[in-house]
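Got your viewer open? Let's take a short walk around this protein, one selection at a time.

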Amino acid sequence: MTPIKQFPYTPILGWSASRFDTFKTCRRRYFYTYYAKFDREFPLSKINQLKALTTIPLETGNIVHDVIKALLERFQKSHARIDLPKFHDYTRKLTGRYCEKPFAEIYYQEISRLNVDEIFENVRLCLDNLLNSPRFHWLIQNAIATRDRWIIEPPGYGQTVIKEYKAYCKVDFLFPVGDKLYIMDWKTGKADAVKHHKQMLGYAAWAAFHFGHDPESIDPVIAYLKPDYTEDALHVTRADIDGFAKIVKNETLEMYSFCADIEENIPKEKGLFEKTTLKVFCDYCNFRELCREKTAAGP
Ligand code: SF4
């Protein structure tokens, strides 16, 4: 497989599904997430501290992704069967390590301590479901022959260009079987067809661009790992990729409209980045302390 093209650094913002999702959810959260150094209201160290908070669902996903990555990389080196007790032991140790991170649930006093065993059981359920899935057996039988061409969470941010716009699309696992390129994306949360299909189209566009592959021979598969293993397999057409490029353009232009300097990615004044009025987003937001502080101090 051709090496992934690298791009020289430019400060201009790059579209990503998660960036636009944050932008849509709450402009203030978007400001804190991407433009913290321009904030004049709160110390950068405080914003960064809140930004660094993880959550139980997020970290469960991180652990599962990292264990699957290690598992696939191990399959690239060896055909030997998985030693399940060792595999679970490795996973438990990794879970313990990841649980040392600062968690929003503790910071905001929703819980007094993490239940590491419960997190591990959730991680284990996801991994066991994958290992017992028909897809995993199919993978071992059909994809192992091309294991030197597997791309498993490529390093970096997955920068690409969609039409002329910078974008970031980072695949979990891409591999060829026959004349097809498969893209697998592991999900540990609930299904969200609209959001996840859009994300997968991004991955297909990325793969078509970097490997010059016919988009219609790229098969993105969303693998939901719990409560049971289920899949959502997409059939991508050239029209989908063209439609996706238009979405990226429109969403990028929307985000550009909040820049005072687009090329340098300097934001307009913070006041224009309004707080959401939908409280449901605030309940899970890392930055709620900053918004509450302001409220407590008065209008
Ligand atoms: S707490 Fe609410 S208003 Fe404040 S940044 Fe987060 S989502 Fe936006």
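**Start with the whole thing**

Show all 299 residues: a compact globule with that many would have a radius of gyration near 19 Å, and this protein has 21 Å, so the two agree. Keep in mind that you're looking at a predicted model. Turn on the C-alpha trace and rotate it; along its principal axes it spans about 65 × 50 × 30 Å. Now switch to cartoon view, where you can hunt for twelve helices and nine strands.

How much of the protein counts as buried? Of its 299 residues, 26% do. As for contacts with a separation of 6 or more, 69% of them come from residues 24 or more positions apart.

**Next, a hairpin**

Select residues 218–224, which form strand β6, and residues 230–233, which form strand β7. The two strands pair in the antiparallel sense, over four bridges. Follow the chain from β6 to β7 and you'll pass through a hairpin of five residues. Then pick tyrosine 224: what stands opposite? The answer is threonine 230, in β7.

**Last stop: the ligand**

Now select the ligand and the residues around it: Cys26, Arg28, Arg29, Lys275, Thr276, Phe281, Cys282, Cys285, Phe287, Arg288 and Cys291. Which elements give two or more residues to this shell? They are α2 (27–34), α11 (279–282) and α12 (288–296), so try giving each one a colour. Finally, colour the shell by residue type: six of its residues are nonpolar, one is polar and four are charged.

Key
Residues are numbered from 1 along each chain as its sequence is written. This is a predicted model: local features need pLDDT of at least 70, side-chain atom pairs count only at pLDDT 80 or more; totals for chains, interfaces and linings use all residues. A residue is near a molecule or strand if its C-beta atom, placed from the backbone, lies within 6 Å of it. Ala, Val, Leu, Ile, Met, Phe, Trp, Tyr, Cys and Pro count as nonpolar, Asp, Glu, Lys and Arg as charged, and the others, Gly among them, as polar. Two strands pair if DSSP finds at least two bridges between them. The radius of gyration is taken over C-alpha atoms; the globule rule is 2.2 Å times the number of residues to the power 0.38. A residue is buried if 20 or more other C-beta atoms lie within 10 Å of its own, exposed if 12 or fewer, and partly exposed in between; C-beta atoms are placed from the backbone. Two residues are in contact if their C-beta atoms, placed from the backbone, lie within 7 Å.
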